[in-house]
Amino acid sequence: MKERFKDRIISILLFLITMGIFSFVIVFVIIGIKEFSGENEEVAMVENVEENNTISKGKTVENKIEVPQIVENPINKIDKTNQNQVDNYSKVQIDKYFYNQLDEKSRIIYRAFESNKEQMKTGTYQIELGENFSDVLSQENGQKKLGQYYQSAIEAYTYDNVDVFYLNPKNMYLNIETTTKAEKKIFNVYINSGKASNYLSDEFNSKQKIDEAFAQIEQVKAQIIQNKTGNAYEDIKMVHDYLVDNIEYDTTLSKLNIYSIYGALVNKECVCEGYAKAFKYLLDELGIQSVLVIGTGTNAKGETENHAWNYVQLNGNWYAVDTTWDDPVIIGDGILTDESKYKYFLVGKNKIDEDHKAEGQFTEGGKVFVYPNLSESDYEN
């Protein structure tokens, strides 16, 4: 394309020379060739990262959560107290955005995850839920209802806690032991890896690897957080700028850890979900409330793809931040202007709704979560 353009320019020059007006247009022609070649210090062209690639729907947001697999194990003990009876983890105090939207049955499962968070790094630790679901399993379609409680809990847990990147929920099994006590059925429920060797991801399949990964993440986090100012706006901007300036958007969609905080902060290469999780992870450390948002984004070409971004609370109001789309691909040699870098920084509902659509239902048939109500207008500092 460039060669054809240059040939055309040369033809015009020869014609102009013969017409005796070469000196009048020489400056224009030189500038035209230079700008076409991208040899300028201004931004040649800026496009949203997801506008530059043909991305299969669903690839930029990982869906690791499915309806849980349930294993029945009828023990049929008679008149014996269930030895695996546990409480409902009521002593575990949690105040997190998606947890607060769960019903009590799902909260029991969430609290069980949180209570056993460190032990779960082994990938084989059995999470006891005891007899808390006996009333549910005694009902018609009880197993289906239990599955729904579990699905809502694991969704809320993984989106509230973006640091559990090492878990693979697809390898988590719900086990139901049925016993008989005084002619009454008692159901003991627990979660383990079932037939799988563990419920960890392939990349972090041992506690040692997980601990090593966290050591790397903590080192990066410490370097960022040391620059905190205590001013909420400035600290949000600091995290936003760090991610935009240091992360490369992965266009291959084939590399490891591109959906996690490890990919974003250690490898410094990820897709939109990695950007959004890293943003939340760092703001959590700063004590600034934020939410991971899953939905779709429609680019300038009219193409709609699965997408992830954040809502953040500032001075009592909620605003949207999309660090992925604030880190656009630059075509040719150029620089990123502030207009592009902060296009989706602390914007209100009127702006974000133009090309973003939040979806509160993370998996088909799952609970529909509610996101915070955004300020109508952008934040003004």
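The legends below describe close-up views of a predicted model.

**View 1. Helix 5 and the loop residue N141 that lies before it in the chain.** Helix 5 covers residues 142-160, and its 19 residues reach 27 Å from the first C-alpha to the last, which is close to the 27 Å expected at 1.5 Å a residue. Of these 19 residues, 14 are buried, so helix 5 is largely enclosed by the rest of the structure. N141 is found in the loop between helix 4 (134-137) and helix 5, and its phi is near 60 degrees, a positive value in a residue other than glycine. As background to that value, most residues other than glycine have a negative phi.

**View 2. The aromatic pair of F204 and Y262.** The structure as a whole holds 24 aromatic pairs. In the pair shown here, the ring centres of F204 and Y262 are 5.1 Å apart and the ring planes stand at 70 degrees, so the pair is edge-to-face. The pair links distant parts of the chain, since F204 belongs to the loop between strand 5 (184-192) and helix 6 (207-225) while Y262 belongs to helix 8 (residues 261-267), with their positions 58 residues apart in numbering. Both F204 and Y262 are buried.

**View 3. The aromatic pair of W325 and Y344.** The centres of the rings of W325 and Y344 are 5.6 Å apart and their planes are at 70 degrees, so this pair is edge-to-face. Here too the pair links distant parts of the chain, 19 residues apart: W325 is in the loop between strand 10 (317-321) and strand 11 (329-331), and Y344 is in the loop between helix 10 (338-341) and helix 11 (349-352). W325 is buried, and Y344 is buried as well.

**View 4. An aromatic cluster, and charged ends placed over rings.** One aromatic cluster is formed by Y97, F98, Y159, Y311, W318, F362, F369 and Y371. The ring of F369, a member of that cluster, has the charged end of K367 sitting over it, 5.7 Å from the ring centre. In a second arrangement of this kind, the charged end of R107 sits over the ring of Y99, at 4.8 Å from the centre of that ring.

**View 5. The second largest pocket and its lining.** This pocket has a volume of about 240 Å³, and of the 15 residues that line it, those closest to its centre are K96, D160, N161, K280 and D284. By class, the lining comprises 9 charged residues, together with 3 polar and 3 nonpolar ones. Helix 9 (residues 272-286) gives the most to this lining, with 4 residues.

**View 6. Helix 9 and the glycine that follows it.** Helix 9 has 15 residues and reaches 21 Å between its first and last C-alpha, close to the 21 Å expected at 1.5 Å a residue. Because 13 of its 15 residues are buried, helix 9 is largely enclosed by the rest of the structure. Helix 9 is followed by G287, whose phi is positive and near 75 degrees.

**View 7. L253, a loop residue with a positive phi.** L253 is placed in the loop between strand 6 (248-249) and helix 8, and it has a positive phi of about 55 degrees although it is not a glycine. With a relative accessible area of 22%, L253 is partly exposed, given that the cut-off for a buried residue is under 20%.

Technical notes. Residues numbered from 1 in each chain as written. Predicted model: local features only at pLDDT ≥ 70, side-chain atom pairs only at ≥ 80, totals over all residues. Heavy atoms only, no water. Helix = DSSP H or I, 4+ residues; strand = E, 2+ residues; numbered from the N terminus. Expected span 1.5 Å × (residues − 1). Buried < 20%, exposed > 50% of the residue type's maximum accessible area, 1.4 Å probe, protein only. Phe/Tyr/Trp six-rings, centres within 6.5 Å; stacked < 30°, edge-to-face > 60°. Lys NZ or Arg CZ within 6 Å of the ring centre and 35° of its normal. 1 Å grid on protein atoms, 1.4 Å probe; cavity = no way out; pocket = protein on both sides within 12 Å on 5 of 7 lines; lining within 4 Å. Points joined across faces, edges and corners; volume = space filled by probe spheres on them. Nonpolar A, V, L, I, M, F, W, Y, C, P; charged D, E, K, R; others polar.
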